[in-house]
Amino acid sequence: MAGAARRRDGHVTQERMLEEAMTAIAEDGLASLTMSALAERLGTSGGHILYYFGSKDLLLLAALRWSEAALAEERRALMARRLTAERKLDLFLRLYLPRGPRDPRWTLWIELWARTPGNGSLREAQEELDQGWQQDLEALLAAGVARRRFAPLDTAARASELLALLDGLSTRVVLGQKSRGDPRPALEAARSAARLLIAPYPPGEDDGPSG
């Protein structure tokens, strides 16, 4: 691990910094993450971390981008699987929602949302990350309609509505506002909302491909 984590000059790589930042957030919470604390975990200096990221805000954004890139790969793999549209949608919901109250990705999202109004570059970055989820969900719904699994719908509007609802449920899980942070009720609520927003294809309308 040491060889992969460090450059030849002995300095910790950016990827290792981001990985350790996410681990620290999951273990101790975002409030405990300081440049000096992260540097101590990595066995390097705070100045070395600042050299690459410039500020804590930029470090957090980079960590979020790194985490979202991994999820984007999972989404691409999910979209390519030979599953019914209903099953894909259920797995999409699971992928989007937090794993629990200490989910570091969602902790970062909530923190950065609070900082967005006064930071244009941060707002643009968040919109870019959101767009990836929006586009993939629209494609999933459109495929479901084309295969006569879902009734015809406005894919952009429904995707936006469902994602907004998922954001709210995710925030409640991370903040421990419902069921003491248990993610299972949030998943059930998301499933119920999806059933209301995305109707099944009306039986007997047309005979066509399914699955």
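Let's start with the nonpolar core, and please keep in mind that this is a predicted model. The largest core has 55 residues, and the members that touch the most others are Leu-33, Ile-49, Leu-89, Leu-108, Leu-137, Leu-162 and Leu-166. If you ask which helix gives the most to this core, the answer is α5, residues 56–80, with 8 residues.

Take Ile-49 from that list. Leaving aside residues up to four places away in sequence, Ile-49 touches Met-17, Met-35, Leu-38, Ala-39, Leu-42, Thr-44, Gly-54 and Leu-59.

Now let's step back to the whole chain. There are 10 helices and 0 strands, so from the N terminus on you just read α ten times over. Of the 211 residues, 41% count as buried. Looking at contacts with a separation of 6 or more, 66% are between residues 24 or more positions apart. The accessible surface comes to about 11,300 Å², and carbon and sulfur atoms account for 50% of that.

On to the charged residues. Side chains of opposite charge can pair when their charged atoms come close. How many salt bridges does a search of the whole structure find? The count is 17, and I'll walk you through three of them.

First up, Glu-20 and Arg-41, whose side chains meet at 2.8 Å, N to O. Glu-20 sits in helix α2 (residues 14–28) and Arg-41 in helix α3 (residues 35–42), so this salt bridge ties together parts that are 21 residues apart in sequence. Is Glu-20 buried or exposed? Glu-20 is buried, because its relative accessible area is 9% and the cut-off for buried is under 20%. Its partner Arg-41 is partly exposed at 33%. Both of them also belong to a network of salt bridges that links Arg-16, Glu-19, Glu-20, Glu-27, Asp-28 and Arg-41.

Next, Arg-149 and Glu-86, with their closest N and O atoms 3.1 Å apart. This pair links distant parts of the chain, since Arg-149 is in the loop between α8 and α9 while Glu-86 is in helix α6, 63 residues apart. Both ends are partly exposed, with relative accessible areas of 22% for Arg-149 and 33% for Glu-86.

The third one stays inside helix α6: Asp-90 and Arg-94 form a salt bridge with the closest N and O atoms 3.5 Å apart. They are 4 residues apart in that helix, so about one helical turn separates them. Asp-90 counts as buried at 13%, whereas Arg-94 is partly exposed at 42%.

Let me turn to Thr-107, in helix α7. Thr-107 is buried, with a relative accessible area of 17%. A polar atom of its side chain lies 2.9 Å from the backbone oxygen of Asp-103. Not counting residues up to four places away in sequence, Thr-107 touches Ile-25, Leu-30, Pro-101, Arg-102 and Val-174.

One of those, Pro-101, is worth a look too. Pro-101 is in the loop between α6 (85–96) and α7 (104–115), and is partly exposed at 39% relative accessibility. Its C-alpha atom is separated by 6.2 Å from that of Gly-176, although the two are 75 residues apart along the chain.

Last stop, a backbone detail. Most residues other than glycine have a negative phi. Arg-148, however, has a positive phi, near 60 degrees. You'll find Arg-148 in the loop between α8 (120–146) and α9 (155–175), partly exposed with a relative accessible area of 30%.

Methods:
Residues are numbered from 1 along each chain as its sequence is written. This is a predicted model: local features need pLDDT of at least 70, side-chain atom pairs count only at pLDDT 80 or more; totals for chains, interfaces and linings use all residues. Side-chain values use heavy atoms; hydrogens and water are left out. Helices (H or I, at least four residues) and strands (E, at least two) are DSSP runs, numbered from the N terminus. Buried means under 20% relative accessible area, exposed over 50%, partly exposed in between (1.4 Å probe, protein chains only). A polar contact is a pair of N or O atoms within 3.5 Å; within protein, one must be able to donate a hydrogen and the other to accept it, and residues adjacent in sequence count only if both atoms are side-chain atoms. Contact means heavy atoms within 4.5 Å. A nonpolar core is a set of buried Ala, Val, Leu, Ile, Met, Phe, Trp, Tyr and Cys residues joined through side-chain atoms within 4.5 Å. Accessible areas come from the Shrake-Rupley method with a 1.4 Å probe; for residues, only the protein chains shown count as cover. A salt bridge is a side-chain nitrogen of Lys or Arg within 4 Å of a carboxyl oxygen of Asp or Glu.
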